[in-house]
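Me: I would like to go through this model with you, beginning with the ligand site. Please keep the replies brief.

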Amino acid sequence: MGKVWNFTAGPCMLPPEVMQQAQAEFCDYAGTGIGIIESSHRSKEFDEIAKNSEQLLRELLKIPDNYRVLFMQSGGRGQFAAVPLNLLSENGVCDYFVTGHWSRQAYKECHERFGNAVLHECAQRNSRGIYSVDYAQMRLSPQSEYAYVCFNETVNGLELFELPDLGSVPLVADMSSNILTRSIDVSRFGAIVFGVQKNVAPAGLVIAIVREDLLGHSRKYCPSILDWTVMNQYDSLFNTPCTFSWYMAYLVFKWIKNLGGVEALEKRNIQKARLLYEYLDSTSFYNSVIDPKDRSRVNVVFTLKNDVLNNKFLSEAKEHGLIGLKGHKVLGGMRASIYNAMPLEGVQALVDFMQDFAKANG
Ligand SMILES: *Cc1c(COP(=O)(O)O)cnc(C)c1O
């Protein structure tokens with residue numbers, strides 16, 4: 001098999017250097033004679049991974065001291081339940097600023113099971129079919145206890161580059177698909193949650209960064225493993241964590257630090273996204289339906305002007321070693337996920353192929 005560029009949305013490409021390191025120490029971690037996935041989560045080796053990974057993440061995201069970092073399981077969707085269970089009082093009200101698939105799923109989880117969530121449609125489609133984020137719709141309801149956003153809509157290809165001003169009401173953000181791809185000001189958020197399988201590690205772990213004063217309000221019937229307060233008390237070792245995913249996250253955090261941190265990756269991500277969107281805008285063969293100001297830097301969604309060519313596009317792309325380009329089942333079309341691990345070279349290979357394909361089929 002020749003060089004393969006993996007554009008899958010998640011689980012997805014990991015940095016090759018990290019994959020190689022994991023392979024090299026898979027059966028014998030740090031001279032212990034056993035693999036890290038064979039070690040106890042209470043071992044000295046794992047304890048170091050747990051402590052150092054939190055420290056690195058704090059450094060990379062400049063997390064203020066009054067935030068706790070919780071390494072949990074349950075995936076992104078588990079946190080859709082954890083958010084109201086930890087933050088919303090029994091008869092309380094909260095606001096969901098919906099911009100696409102994942103914020104809508106989070107809204108549903110909250111509203112259908114846990115309480116009074118107010119839905120705000122914050123992605124508008126204009127007469128030319130272009131989607132944009134309408135920040136003016138991001139308004140609080142009276143007595144709102146928190147507001148919720150999805151910071152990057154992985155399926156729809158929309159990313160938030162502004163934040164609503166909520167005064168003292170905490171903003172909760174799902175950053176599963178763009179965490180560590182750009183610098184953020186953590187202090188603007190009450191809580192940040194992200195599944196690791198897009199930018200950080202293999203599936204298994206979900207990380208919650210929670211402002212201290214928001215702990216201690218969980219509902220009585222919140223399962224302990226979804227309870228941020230319990231997870232904090234136990235330093236994220238309340239039960240057996242997903243040790244492999246956690247270890248891989250540790251390697252990726254080190255990889256990011258060695259590359260120059262989030263700021264360096266952000267520069268590279270801007271370049272990658274620009275290369276692809278500039279090409280999309282230069283041809284009528286392909287089309288992006290996202291307003292340039294709201295285009296995701298990590299999930300580039302596009303269509304072919306003629307849907308009939310979709311399968312041909314995907315199969316020829318695959319022959320060229322470009323895989324995982326099929327759009328999410330709810331949207332159709334194409335999606336190139338170009339997370340942190342994807343180098344500019346991979347995006348260039350995709351653009352080269354797209355140009356040739358357009359020429360041959362235009
Ligand atoms: C992938 C994804 C999810 C879902 O995560 P699971 O771990 O599969 O539950 C949620 N939110 C966003 C933004 C995602 O990209």
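Me: How many residues of each class make up the shell around the ligand?
Reply: The shell has three nonpolar, seven polar and three charged residues. Here Ala, Val, Leu, Ile, Met, Phe, Trp, Tyr, Cys and Pro count as nonpolar, Asp, Glu, Lys and Arg as charged, and the others, Gly among them, as polar. This is a predicted model, in which local features need pLDDT of at least 70, side-chain atom pairs count only at pLDDT 80 or more, and totals for chains, interfaces and linings use all residues. Residues are numbered from 1 along each chain as its sequence is written, and side-chain values use heavy atoms, with hydrogens and water left out.

Me: Which residues come nearest to the ligand?
Reply: R77, T154, D174, Q197 and K198 do, of the 13 residues around the ligand (a heavy atom within 4 Å).

Me: What lies 2.6 Å from a nitrogen atom of the ligand?
Reply: An N or O atom in the side chain of D174. This is a polar contact (a pair of N or O atoms within 3.5 Å).

Me: And which residue places a polar side-chain atom 2.8 Å from an oxygen atom of the ligand?
Reply: That residue is Q197. The protein buries 85% of the 390 Å² that the ligand exposes when taken alone (Shrake-Rupley method, 1.4 Å probe).

Me: Changing topic: is N340 buried or exposed?
Reply: N340 is buried, with a relative accessible area of 1% (buried means under 20%, with a 1.4 Å probe and protein chains only).

Me: What does its side chain reach at 2.9 Å?
Reply: The side chain of N340 reaches the backbone oxygen of L180.

Methods: Buried means under 20% relative accessible area, exposed over 50%, partly exposed in between (1.4 Å probe, protein chains only). A polar contact is a pair of N or O atoms within 3.5 Å; within protein, one must be able to donate a hydrogen and the other to accept it, and residues adjacent in sequence count only if both atoms are side-chain atoms.
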